[in-house]
Amino acid sequence: NFDLKVSAFIELISVAYQGINKFLELNKYSKEVLGVWGDGNLGYITALLLKTICPDSKVIVFGKHSENLSLFSFADKVYLIHEVPDDLKVNHAFECVGSAASQSAIEQIIDLINPQGIISLFGVSEYPIPINTRLILEKGLTIQGNSRSEREDFEGVVNILKENPQLFSYLSKLITNVC
């Protein structure tokens, strides 16, 4: 009984789902504040799943486009990447930017993340991305990469969608064109 147009996103949803589950397996510290970098489809899906799977966590989304950020009505807070308060910190971060822009997103994440945080990299880049290993070491950060999913992840997504049918109305906002 799923909306077939929204169901076209299940593969992408399953990638975010797997990454979040890997994060939850690694996380031994507070998940009070979770940051999601990226205001595109993957950032939207990741933030939405985080709010569903970790309802007690504060989810903050960071992006470049105010019109995209306006769609994140379920997030606790959204920020344009150049308008982040100086004192803002996150416990863990999810990078959903990709491409060459992931470099500046990762730099900002390393600056804003608390010590012992986990950085989950979801955005795919075709370019080598330099990172500040000094700050990663000083803060004791863990970096985890995610870009695939398995059968269990698809099953998990189907179960989440069955248990939370309201997600379809949020996910339908991702549909911009039907061919």
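A pocket, as I use the word here, is an open set of grid points with protein on both sides within 12 Å along at least five of seven lines. I note at the outset that the model is predicted.

**Entry 1. The largest pocket**

I looked up the volume of the largest pocket and found about 290 Å³ of space in it. The pocket has 16 lining residues, and those closest to its centre are Lys64, Ile81, Val97, Ala101 and Ala105. I then asked which elements give two or more residues to this lining; they are strand S2 (58-63) and helix H5 (102-112). H5 provides the largest share, with 3 residues. Sorted by class, I recorded 7 nonpolar, 7 polar and 2 charged residues in the lining of the largest pocket.

**Entry 2. The cavity**

I next searched for enclosed space and found 1 cavity of 30 Å³ or more in the structure. The largest cavity holds about 60 Å³ of space. I listed its lining as Ile13, Ile45, Leu48, Leu49, Val157, Ile160, Leu161, Leu167 and Leu171. By class, these are 9 nonpolar residues, with no polar and no charged residue in the lining. At least two lining residues come from each of H3, H7 and H8.

**Entry 3. Helix H7**

I turned to helix H7, which runs over residues 151-163. Its 13 residues reach 18 Å from the first C-alpha to the last, close to the 18 Å expected at 1.5 Å a residue. I found Asp153, Gly156, Val157, Ile160 and Leu161 buried in H7. Viewed down the axis of H7, the buried residues fall within an arc of 135°, so they line one face of the helix. Arg151, Lys162 and Glu163 are exposed on the other side of H7. I also looked up the partners of the buried residues of H7, which pack against helix H2 (10-26), H3 and helix H8 (167-171). Val157, Ile160 and Leu161, which I had noted as buried, also appear in the lining of the largest cavity.

**Entry 4. Helix H2**

I checked the length of H2 against expectation. Its end C-alpha atoms are 24 Å apart, which agrees with the 24 Å that its 17 residues should span at 1.5 Å a residue. The buried residues that I recorded in H2 are Ile10, Ile13, Ser14, Val15, Ala16, Tyr17, Gln18, Gly19, Ile20 and Phe23. Among them, Ile13 also lines the largest cavity.

**Entry 5. Ala47**

I located Ala47 in helix H3, which covers residues 41-53. Is Ala47 buried or exposed? Its relative accessibility is 0%, so Ala47 counts as buried, the limit for that class being under 20%. Leaving out residues up to four places away in sequence, I found that Ala47 touches Val36, Val59, Val61, Phe72 and Phe74. I also looked up the separation of Ala47 from Trp37: the two are 10 residues apart in sequence, and their C-alpha atoms are 9.3 Å apart in space.

**Entry 6. Lys5**

I placed Lys5 in helix H1, residues 4-7. Which residues is Lys5 in contact with, leaving aside its neighbours within four places in sequence? I found Ile175 and Val178. Lys5 and Leu171 are 166 residues apart along the chain, and I recorded a separation of 9.6 Å between their C-alpha atoms. Leu171 is also one of the residues that line the largest cavity.

Note on methods: Residues are numbered from 1 along each chain as its sequence is written. This is a predicted model: local features need pLDDT of at least 70, side-chain atom pairs count only at pLDDT 80 or more; totals for chains, interfaces and linings use all residues. Side-chain values use heavy atoms; hydrogens and water are left out. Helices (H or I, at least four residues) and strands (E, at least two) are DSSP runs, numbered from the N terminus. Buried means under 20% relative accessible area, exposed over 50%, partly exposed in between (1.4 Å probe, protein chains only). Contact means heavy atoms within 4.5 Å. The expected span of a helix is 1.5 Å times one less than its number of residues. The arc is that of the directions from the helix axis to the C-beta atoms. On a 1 Å grid over the protein atoms alone, a cavity is a set of points where a 1.4 Å probe fits but cannot get out, and a pocket is an open set with protein on both sides within 12 Å along at least five of seven lines; lining residues have an atom within 4 Å of a point. Grid points are joined across faces, edges and corners, and a volume is the space filled by probe spheres set on the points. Ala, Val, Leu, Ile, Met, Phe, Trp, Tyr, Cys and Pro count as nonpolar, Asp, Glu, Lys and Arg as charged, and the others, Gly among them, as polar.
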